Amino acid sequence: MGLSFLFGFGNSWALGLHLGVPPYVAPLVAPAVDLSVVGLLLGIRHLALGGATTLQMRPAWRLLVFAGFI
């Protein structure tokens, strides 16, 4: 899991620099996306355990899929 994070971190940092993002902002992109995915997974799990319906969880699932594509 750590190696996957480091791989994604390095790739997003290099991509950010290639796209012209300032060097002090580029390393912040990967952790933000990773933390969003972890937060969404935990939130969806909490909703499921709390008895939320599929319709109520649909926006969180959509956001999770969108963050996965990023």
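Modeller: Before we start, one term: a residue counts as exposed when its relative accessible area is over 50%, and as buried when that value is under 20%. Also keep in mind that this is a predicted model.

Colleague: Thanks! Let's try the term out on Leu-3, then. Is Leu-3 buried or exposed?

Modeller: Leu-3 has a relative accessible area of 72%, and the cut-off for exposed is over 50%, so Leu-3 is exposed.

Colleague: And where does Leu-3 sit?

Modeller: You'll find Leu-3 in helix α1, which covers residues 2–18.

Colleague: Which residues make a nonpolar surface patch with Leu-3?

Modeller: Phe-5 and Leu-6 join Leu-3 there, and the patch has an area of about 330 Å².

Colleague: What about His-18, where is that one?

Modeller: His-18 lies in helix α1 as well. With a relative accessible area of 66%, His-18 is exposed. If you look for Leu-41, which is 23 residues from His-18 in sequence, the two C-alpha atoms are 30 Å apart.

Colleague: Let me step back a bit. How many helices and strands does the protein have?

Modeller: There are three helices and zero strands. Along the sequence the pattern reads α-α-α.

Colleague: And what is the radius of gyration?

Modeller: The protein has 15 Å, whereas a compact globule of 70 residues would be near 11 Å. Taken along the principal axes, the C-alpha atoms fill a box of roughly 45 × 25 × 15 Å.

Colleague: What share of the residues is buried?

Modeller: Of the 70 residues, 17% count as buried. As for the surface, the protein exposes about 5500 Å², and carbon and sulfur atoms supply 75% of that area.

Colleague: Okay, so inside now. Which residues make up the largest nonpolar core?

Modeller: That core has five residues: Leu-40, Ile-44, Met-57, Ala-60 and Leu-64. Helices α2 (29–49) and α3 (54–69) each supply at least two of them. The largest share, three residues, comes from α3.

Colleague: Why would nonpolar side chains be buried together?

Modeller: I can only give you the general tendency here: in soluble globular proteins, nonpolar side chains tend to be buried together.

Colleague: Let's zoom in on Met-57. What does Met-57 touch, leaving out residues up to four places away in sequence?

Modeller: Met-57 touches Ile-44, Leu-47, Ala-48 and Ala-52. Ile-44 is also one of the core residues, as is Met-57.

Colleague: Now over to Ala-30. Which helix holds Ala-30?

Modeller: Ala-30 has its place in helix α2.

Colleague: Buried or exposed, that Ala-30?

Modeller: Buried, because its relative accessibility is 7% and the cut-off is under 20%. Not counting residues up to four places away in sequence, Ala-30 touches Gly-8, Phe-9 and Ser-12. Those three fall within the 2–18 range of helix α1.

Colleague: How far is Ala-30 from Gly-51?

Modeller: Their C-alpha atoms are separated by 32 Å, with the two positions 21 residues apart along the chain.

Colleague: And Ala-32, what's the accessibility there?

Modeller: Ala-32 is also found in helix α2, and it is partly exposed, with a relative accessible area of 41%. From Ala-32 to Arg-45, 13 residues apart along the chain, the C-alpha separation is 20 Å.

Colleague: Last one: where is Gly-68?

Modeller: Gly-68 is in helix α3. Its relative accessible area is 57%, so Gly-68 is exposed. Gly-68 and Pro-31 are 37 residues apart in sequence, and their C-alpha atoms are 13 Å apart in space.

Terms used:
Residues numbered from 1 in each chain as written. Predicted model: local features only at pLDDT ≥ 70, side-chain atom pairs only at ≥ 80, totals over all residues. Heavy atoms only, no water. Core = buried A, V, L, I, M, F, W, Y, C linked by side-chain atoms within 4.5 Å. Buried < 20%, exposed > 50% of the residue type's maximum accessible area, 1.4 Å probe, protein only. Helix = DSSP H or I, 4+ residues; strand = E, 2+ residues; numbered from the N terminus. Contact = heavy atoms within 4.5 Å. Patch = residues over 30% accessible without salt bridge, like charges linked within 9 Å, V, L, I, M, F, W, Y side chains within 5 Å. Areas by Shrake-Rupley, 256 points an atom, 1.4 Å probe, with all protein chains shown as cover. Salt bridge = Lys/Arg side-chain N within 4 Å of Asp/Glu carboxyl O. Rg over C-alpha atoms; globule rule 2.2 N^0.38 Å.
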